[in-house]
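Visitor: Can you walk me through this one? I'd like to ask as I look.

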Amino acid sequence: MSRESEPGDVAARLRRLEDIEAIRRLLHDIARGTDRFDSELLARSIRADATLDMGGAKAMAGVDFAQALKPPASPRPGRMHIVANERIDVDGDDARSESYILSCQDVLVDGMRKTRFRAGRYLDRFVREAGAWKLTSRMLVDEWSRVDEVTEAIAPGRHVGMPVPHDPSCRCDA
C-alpha cells in the first residue's frame, strides 16, 4: 500500500482541500460584501482587528472597513470586484493567499459618467477561529488602473444590481 493511499493522509488532504475552498469562498464573500454594501457579511468575513492596506495614506482596521461601507442614497449602476487566480497556502490554522483582482465601477467625475478600472493583487492572510476562516490582513498591490469616459451605454435589463437588502439575490425566489 502506497503512503498516499493511507487513510490518515486522505483525511489530511481532504481537510486541506476543504480549507482552500473555504478560503476561496471567503475571498468571494468579501468581494460580494464590498459590492453589495453588505457590512454584516464583511464583519463575519474579516476580523475586527484585521489590517487592510489598500494603498491609501494609511491602513485601516477590519471593523472600520466593514462599518464604512454604507450604501449611497443613489447607488451608481455597476460595481464589481472580480477575484481570480487564487493561490492559497494553508498551514494548520493559518493561511496566505495571492489573488488577482479587477475592480470596475461606474463613477461620476465632474458630472461626467465614467468607468473606473483598477487591477491588482491582494496579498492576504487568514486565521481559523472556532472552525471558521477570517481575513486578518490584506495588502492591495496595484498593477494598473484607468478611468474611461462613457460615451455610450446599453440600457440595463429588468434586474439591476443594488445594495443589500434590495439586490435581486436577496429575494427568496432569486
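Visitor: Start with C104. Buried or exposed?
Guide: C104 is buried. Its relative accessible area is 16%, and the cut-off for buried is under 20%. Keep in mind that this is a predicted model.

Visitor: And C170?
Guide: C170 counts as partly exposed, because its relative accessibility is 34%. That value falls between the cut-offs of 20% and 50%.

Visitor: How many disulfides are there?
Guide: Zero, after a search of the whole structure.

Visitor: OK, back up a bit. What secondary structure does the chain have?
Guide: The protein chain has three helices and six strands.

Visitor: In what order do they run?
Guide: From the N terminus, the order is α-α-β-β-α-β-β-β-β.

Visitor: What are the overall dimensions?
Guide: The C-alpha trace spans about 70 × 45 × 30 Å along its principal axes.

Visitor: How much of the chain is buried?
Guide: Of its 174 residues, 31% count as buried.

Visitor: What about contacts between residues far apart in sequence?
Guide: Take the contacts with a separation of 6 or more. Residues 24 or more positions apart account for 55% of them.

Visitor: Now the inside. Which residues touch the most others in the largest nonpolar core?
Guide: L42, I46 and F126 do. That core has 23 residues.

Visitor: Which elements feed into it?
Guide: Helix 1 (7-35) and helix 3 (62-68) each supply at least two residues. So do strand 1 (46-53), strand 3 (79-91), strand 4 (94-109), strand 5 (112-129) and strand 6 (132-149).

Visitor: Which one gives the largest share?
Guide: Helix 1, with six residues.

Visitor: Why would nonpolar side chains gather like that?
Guide: It's a general trend: in soluble globular proteins, nonpolar side chains tend to be buried together.

Visitor: Zoom in on F126. What does it touch?
Guide: Leave out residues up to four places away in sequence. Then F126 touches I23, L26 and L27. It also touches D93, D94, A95 and S97. The rest of its list is W133, K134, L135 and T136.

Visitor: What about S45? Where is it?
Guide: S45 is in helix 2.

Visitor: Is that residue buried or exposed?
Guide: S45 is buried, because its relative accessible area is 2%. The cut-off is under 20%.

Visitor: Which residues is S45 in contact with?
Guide: L26, D29, I30, K134 and L135, leaving aside neighbours within four places in sequence. L26, K134 and L135 are also on the list for F126.

Visitor: New topic: backbone angles. What is phi of F37?
Guide: Phi of F37 is near 55 degrees. That is a positive value in a residue other than glycine. F37 lies in the loop between helix 1 and helix 2 (39-45).

Visitor: And D110?
Guide: D110 has a positive phi too, near 50 degrees. D110 lies in the loop between strand 4 and strand 5.

Visitor: Are those two buried or exposed?
Guide: F37 counts as buried, at 14% relative accessibility. D110 counts as exposed, at 79%.

Visitor: Where is the cis peptide bond that involves P165?
Guide: It runs from V164 to P165, with omega near 5 degrees. P165 is in the segment after strand 6.

Visitor: What else is in that segment?
Guide: A155 is found there. A155 counts as exposed, at 65% relative accessibility.

Visitor: How far is A155 from A31?
Guide: They are 124 residues apart in sequence. In space, they are 25 Å apart, C-alpha to C-alpha.

Visitor: Pockets next. How much space is in the largest pocket?
Guide: About 590 Å³. It is lined by 25 residues, and P77, G78, R79, D106 and R113 are the closest to its centre.

Visitor: What classes make up that lining?
Guide: It has 15 nonpolar, four polar and six charged residues. Strand 3, strand 4 and strand 5 each supply at least two residues.

Visitor: And the second largest?
Guide: The second largest pocket has a volume of about 320 Å³. Of its 19 lining residues, T34, M54, F65, H81 and Y122 are the closest to its centre. By class, its lining has 11 nonpolar, four polar and four charged residues.

Terms used. Residues are numbered from 1 along each chain as its sequence is written. This is a predicted model: local features need pLDDT of at least 70, side-chain atom pairs count only at pLDDT 80 or more; totals for chains, interfaces and linings use all residues. Side-chain values use heavy atoms; hydrogens and water are left out. A nonpolar core is a set of buried Ala, Val, Leu, Ile, Met, Phe, Trp, Tyr and Cys residues joined through side-chain atoms within 4.5 Å. Buried means under 20% relative accessible area, exposed over 50%, partly exposed in between (1.4 Å probe, protein chains only). Helices (H or I, at least four residues) and strands (E, at least two) are DSSP runs, numbered from the N terminus. Contact means heavy atoms within 4.5 Å. A disulfide is a pair of cysteine sulfur atoms within 2.5 Å. On a 1 Å grid over the protein atoms alone, a cavity is a set of points where a 1.4 Å probe fits but cannot get out, and a pocket is an open set with protein on both sides within 12 Å along at least five of seven lines; lining residues have an atom within 4 Å of a point. Grid points are joined across faces, edges and corners, and a volume is the space filled by probe spheres set on the points. Ala, Val, Leu, Ile, Met, Phe, Trp, Tyr, Cys and Pro count as nonpolar, Asp, Glu, Lys and Arg as charged, and the others, Gly among them, as polar.
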